[in-house]
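Could you walk me through this structure while I have it open in my viewer? I would like to know what to select at each stop and what is there.

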Amino acid sequence: MKIFKKVLAGIFAIILISMAGLVGICQTEKYEGLVITSGSMVPTLEVKDFILTEKAQEYNKGDVISFNVEGQDITTHRIVEVTEEGYVTKGDANNSEDTEVVKEADVIGKMLCTIPLLGTIYMLITSISFDVYLGIGLIALGTIVFLVVYEYLCKKE
């Protein structure tokens, strides 16, 4: 039972630290974490997949980029052509190219990696206020400290 408590506490701590790190990485200027909300990139990306994008010096044909054209939601599509005006994009599942050329200034970044279905968890974490997130972390830390102290006191007896 003691080993089970240690393993459980360790797993819980690792999960919390990993999630905090993921949220921290995704809040920088260079990287941005996004959640796929449409099926336009199937089979490359599925709805609720999490993607990590990185701002790059240049983008090339074949790159999957996320962009934000004014007045529209953030879109993640593949570059099918690079022009002087910008990037012609298309969703892998779409029959035709997007109607607007994406300007360099509208590009958020190029997809670095995807983690299937993590988008649901990421949306939950980022929607919680910082105070709640901090409270959960402190409760987890308190639980771990309690288990360690409890085990230490039990060994003394």
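Here is a short tour, from the whole chain to its largest pocket.

**Stop 1: the whole chain.** Keep in mind throughout that this is a predicted model. Show the chain as a cartoon and follow it from the N terminus: the elements come in the order α-β-β-β-β-β-β-α-α. That makes three helices and six strands.

**Stop 2: surface and interior.** Now switch on the accessible surface, which comes to about 10400 Å² for the chain. Colour it by atom type, and carbon and sulfur atoms account for 63% of that area. Colour by burial next: 27% of the 157 residues count as buried.

**Stop 3: contacts along the sequence.** If you like contact maps, draw one for pairs at least 6 apart in sequence. Of those contacts, 55% join residues at least 24 apart.

**Stop 4: the largest pocket.** Select L34, V35, I36, T37, S38, S40 and M41, then add D73, I74, T75, T76 and H77; together they line the largest pocket. Its volume is about 290 Å³. Which elements give two or more residues to this lining? They are β1 (31–35) and β4 (75–82). Of the elements, β4 gives the most, with three residues.

**Stop 5: the character of the lining.** Keep that selection and colour it by residue class. You will find five nonpolar, six polar and one charged residues in the lining. Among the lining residues to label are L34 and V35 on one stretch of sequence, and T75, T76 and H77 on another.

Key
Residues are numbered from 1 along each chain as its sequence is written. This is a predicted model: local features need pLDDT of at least 70, side-chain atom pairs count only at pLDDT 80 or more; totals for chains, interfaces and linings use all residues. Side-chain values use heavy atoms; hydrogens and water are left out. Helices (H or I, at least four residues) and strands (E, at least two) are DSSP runs, numbered from the N terminus. Buried means under 20% relative accessible area, exposed over 50%, partly exposed in between (1.4 Å probe, protein chains only). Contact means heavy atoms within 4.5 Å. Accessible areas come from the Shrake-Rupley method with a 1.4 Å probe; for residues, only the protein chains shown count as cover. On a 1 Å grid over the protein atoms alone, a cavity is a set of points where a 1.4 Å probe fits but cannot get out, and a pocket is an open set with protein on both sides within 12 Å along at least five of seven lines; lining residues have an atom within 4 Å of a point. Grid points are joined across faces, edges and corners, and a volume is the space filled by probe spheres set on the points. Ala, Val, Leu, Ile, Met, Phe, Trp, Tyr, Cys and Pro count as nonpolar, Asp, Glu, Lys and Arg as charged, and the others, Gly among them, as polar.
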